[in-house]
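Subject: Structure handover

Hello,

Here is the structure we talked about. Please open it alongside this note; my findings follow below.

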Amino acid sequence: MGEAERGESAPRIRIPFWCANGHETRPSFASDAQVPDTWDCPRCGFPAGQDRANPPAPPRNEPYKTHLAYVRERRSDADGEAILAEALAKLRGEA
């Protein structure tokens with residue numbers, strides 16, 4: 001379908017956004033639409049803001065943690081020993 005068959009498009013505005021790497025993107029929005037505070041940079045994926053001098057900081061990626069690492073954060077060595085002793089007692093039929 002051509003533009004004439006669909007009718008007129010809404011009035012648009014182009015808003016510049018900058019990411020921490022200095023990339024600029026200019027998405028277009030309807031003139032009466034609410035413009036978001038941040039926009040994902042299509043080049044690097046970092047968040048981009050409207051203030052060129054102070055772009056949003058890139059997200060901090062947490063290193064991958066294993067299940068055991070999470071367990072060690074929640075339990076002390078004494079807790080682990082108690083749980084292990086209880087499980088062994090059940091296996092041995094002592095409990």
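Let me start with a charged pair. Arg-26 counts as partly exposed because its relative accessible area is 41%. Glu-24 is its salt-bridge partner, and the closest N and O atoms are 2.8 Å apart. Glu-24 is partly exposed as well, with a relative accessible area of 37%. Please keep in mind that this is a predicted model.

Other salt bridges

The whole structure holds 4 salt bridges. One of them joins the side chains of Arg-60 and Glu-62, at 3.4 Å from N to O. Both Arg-60 and Glu-62 are exposed. Another links Glu-86 to Lys-90, where the closest N and O atoms are 3.8 Å apart. These two residues sit in helix α3, 4 residues apart, which is about one turn of the helix. Lys-90 reaches 58% relative accessibility, so it counts as exposed. Glu-86 has 48% and therefore counts as partly exposed; the cut-off for exposed is over 50%. As general background, side chains of opposite charge can pair when their charged atoms come close.

Helix α3

Helix α3 covers residues 77-92, which makes 16 residues. Does the length add up, and what span should we expect at 1.5 Å a residue? The expected span is 22 Å, and the end C-alpha atoms are 22 Å apart, so the two agree. Gly-93 follows α3 and has a positive phi, near 75 degrees.

The surface has a nonpolar patch of about 310 Å², made by Leu-84, Leu-88 and Leu-91. Leu-91 belongs to helix α3. Is Leu-91 buried or exposed? It counts as exposed, because its relative accessibility is 74%.

The core

In general, nonpolar side chains tend to be buried together in soluble globular proteins. Here the largest nonpolar core has 6 residues. They are Ile-15, Phe-17, Cys-19, Phe-29, Cys-41 and Ala-48. Take Phe-29 from that core and look beyond four places in sequence. Phe-29 then touches Pro-11, Arg-12, Ile-13, Ile-15, Phe-17, Val-35, Pro-36 and Trp-39. Two of these contacts, Ile-15 and Phe-17, are themselves core residues.

Two buried residues around β3

Thr-25 lies in strand β3. Its relative accessibility is 14%, so Thr-25 counts as buried; the cut-off is under 20%. Leaving out residues up to four places away in sequence, Thr-25 touches Ile-15, Pro-16, Phe-17, Trp-39 and Pro-42.

His-23 is in the loop between β2 (17-19) and β3 (24-25). Which side of the cut-off does His-23 fall on, buried or exposed? At 15% relative accessibility, His-23 counts as buried. Beyond its neighbours within four places in sequence, His-23 contacts Phe-17, Trp-18, Cys-41, Arg-43 and Cys-44. Phe-17 and Cys-41 in that list also belong to the largest nonpolar core.

Helix α2

Arg-72 is placed in helix α2, residues 67-74. With 60% relative accessibility, Arg-72 counts as exposed. How far apart are the C-alpha atoms of Arg-72 and Gln-34? They are separated by 46 Å, with the two positions 38 residues apart along the chain counted as their spacing.

Best wishes

Terms used. Residues numbered from 1 in each chain as written. Predicted model: local features only at pLDDT ≥ 70, side-chain atom pairs only at ≥ 80, totals over all residues. Heavy atoms only, no water. Core = buried A, V, L, I, M, F, W, Y, C linked by side-chain atoms within 4.5 Å. Buried < 20%, exposed > 50% of the residue type's maximum accessible area, 1.4 Å probe, protein only. Contact = heavy atoms within 4.5 Å. Expected span 1.5 Å × (residues − 1). Patch = residues over 30% accessible without salt bridge, like charges linked within 9 Å, V, L, I, M, F, W, Y side chains within 5 Å. Areas by Shrake-Rupley, 256 points an atom, 1.4 Å probe, with all protein chains shown as cover.
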